[in-house]
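New here? Have a look at the structure first, and then we'll walk through a helix pair and the meeting of two chains.

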Amino acid sequence: MTGAEVTFDVPIPKIIWGWLVSTNMWAKSIATGSFLLGLYFIKKYPEQDSFFRKWMPLLGLVFIGITLLVTILDLHHMFRFWHIFRYPHFTSAVTLGAWVVSGFVIVLLIAFWSWVSGNKKLLDKIVVPGVVLALFATIYTAGIMGEATAREVWVFPSEMISMLLAATLAGSAAYLIIDAIYGGVLKEKIKRELGYILFGSAGLLAAMFIGELIFAKMHSEFAHKVVEVLAFGEVAPFFWTGLFLAFIVPMVLVGIATEKRKYEYAFLGAASAIVGLWLIKHAWLIAPQCLPLS
Amino acid sequence: MRLGFLVDLSRCMGCMACAVACKAENNVPLHSWRLRVKYIDQGEFPNTKRHFVPLRCNHCDNAPCERICPVSALHYLPNGIVNVDHERCIGCASCMMACPYNAIYLDPLTNSADKCTYCAHRIEVGMMPACVVACPTHANIFGDLDDPESEISIYLQQHRDVMVRKPELNTHPKHFYVRGSTVALDPLASERPEGYTLFTEVKFLDHIGGH
């Protein structure tokens, strides 16, 4: 420190993107993760595809609907949202995201119609564009964060991988919760596989977040301060609770569930993962906004 | 033409005439600023120094706000100014997230993004920006960076201590400081203690825009 203090300044904005944006990222993880995993399980276990043919579009539409709702609510000119299609600026990841998510909604509507009409071939036709759009819908927020030059720790390439893992974590957790609510309709091997995906995603994500705590601070002074805010500052309760609920609890409970074949534990672990994911995403979003930029 | 700004910090006396002129010229609402002057005190009595730093949009050549704006509401003018189209803005605040200089605000009256435009409307009719006219010590030097005979170009050629804010971010600001220091230009180089600022104890705004 230089022994200097700001003795006069105007109040400056602090939290610009708040809980609506955290909810956007969280809901999008569930929507895209359930779509990607749903397709995977439909192809791998065609004998029990009816569960996924039903819940893949339903989960996708509900949670992408939440994503779109909070996105529009967060606009200060919400009735001008159509400008993004009328005056698109394609260097912006926000624009790319809006177009990709719109395409993804069309894919989900087709998947929904495929389930309602029982036309399985219709779903087969949208597998490739669906996977591409779901992947891009998952990671475009990493592009937005990368373009937010001011907020270091978001600009690392690991953000993209982190979002993909968040999608597989949320998607597997969502299916485990629905299976538990409906009294365990899925075969045990599918539940076990969902458990492995949840366990693996939680483990890798935990490693990435802890890795960022250790290594991000070496990147720059700003990143160092952000890590301090995350670990010890005002968002630390969100960060540590999120880390515990999203990664540690699910790994333990899903581990017990698959070992002991007691799948009620998997339900608890999945619910914990869903809650924890929102908390940790919120902490990650808020922390870089707590520091003055000028 | 590539318009740029230079502030000679050794001339600035923190009178805020520039900030007031900017507010009046551009009808900037309460709790919003296109240009502000920050005071930073350094050292311990009797060896103390006060830095005055006028802060405004840097009109970067590689502007993150222009790149992230989803509807091109932030756009370059042919003279290099990064301008705002209030009617096109959707109020997503991406520009505020992207700007590393905290230079953009959401106008609470219009709900659109806004910022210093180097008084583009005045320049259009051959006048200087309001802050340049109001400065009693001619600390603000404004002109065409492409013209080697302009005052700003000559100033840049004659001074070896030219600085920009956050050069590592590759934004290529067209706003320069002469006789500055890390303390003056790096926001993390000084503390922001609670309750010890002049005139106000509010460090951060609770709201942005009118939403």
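In which hand of crossing does H1(A) pass H11(A)? The crossing is right-handed, meaning that the near helix is turned clockwise from the far one by less than a right angle (anticlockwise would be left-handed).

This is a predicted model, where local features need pLDDT of at least 70, side-chain atom pairs count only at pLDDT 80 or more, and totals for chains, interfaces and linings use all residues. Residues are numbered from 1 along each chain as its sequence is written, while chains are lettered from A and ligands numbered from 1 in the order in which they are written.

**The helix pair**
- Helix H1 (residues 19-44) and helix H11 (residues 264-286), both of chain A, have axes that come within 9 Å and cross at roughly 135°.
- H1(A) and H11(A) are therefore oblique to each other (not under 35 degrees, over 145 or 65 to 115).
- On the H1(A) side, the contact includes Trp19(A), Met25(A) and Trp26(A), and H11(A) brings residues including Leu277(A), Trp278(A) and Lys281(A).
- Being in contact means C-beta atoms, placed from the backbone, within 7 Å.

**Where the chains meet**
- 57 residues of chain B are in contact with 42 residues of chain A.
- S2(B) gives the largest share of chain B's side, 7 residues.
- Strand S1 (residues 4-8) of chain A pairs with S2(B) in the antiparallel sense over 4 bridges (pairing takes at least two DSSP bridges).
- Across from Asp41(B) in S2(B) you'll find Glu5(A).
- Helices (H or I, at least four residues) and strands (E, at least two) are DSSP runs, numbered from the N terminus.

Notes: Axes are lines fitted to C-alpha atoms, for helices over the stretch in contact, and angles run from 0 to 180 degrees between N-to-C directions. Two residues are in contact if their C-beta atoms, placed from the backbone, lie within 7 Å.
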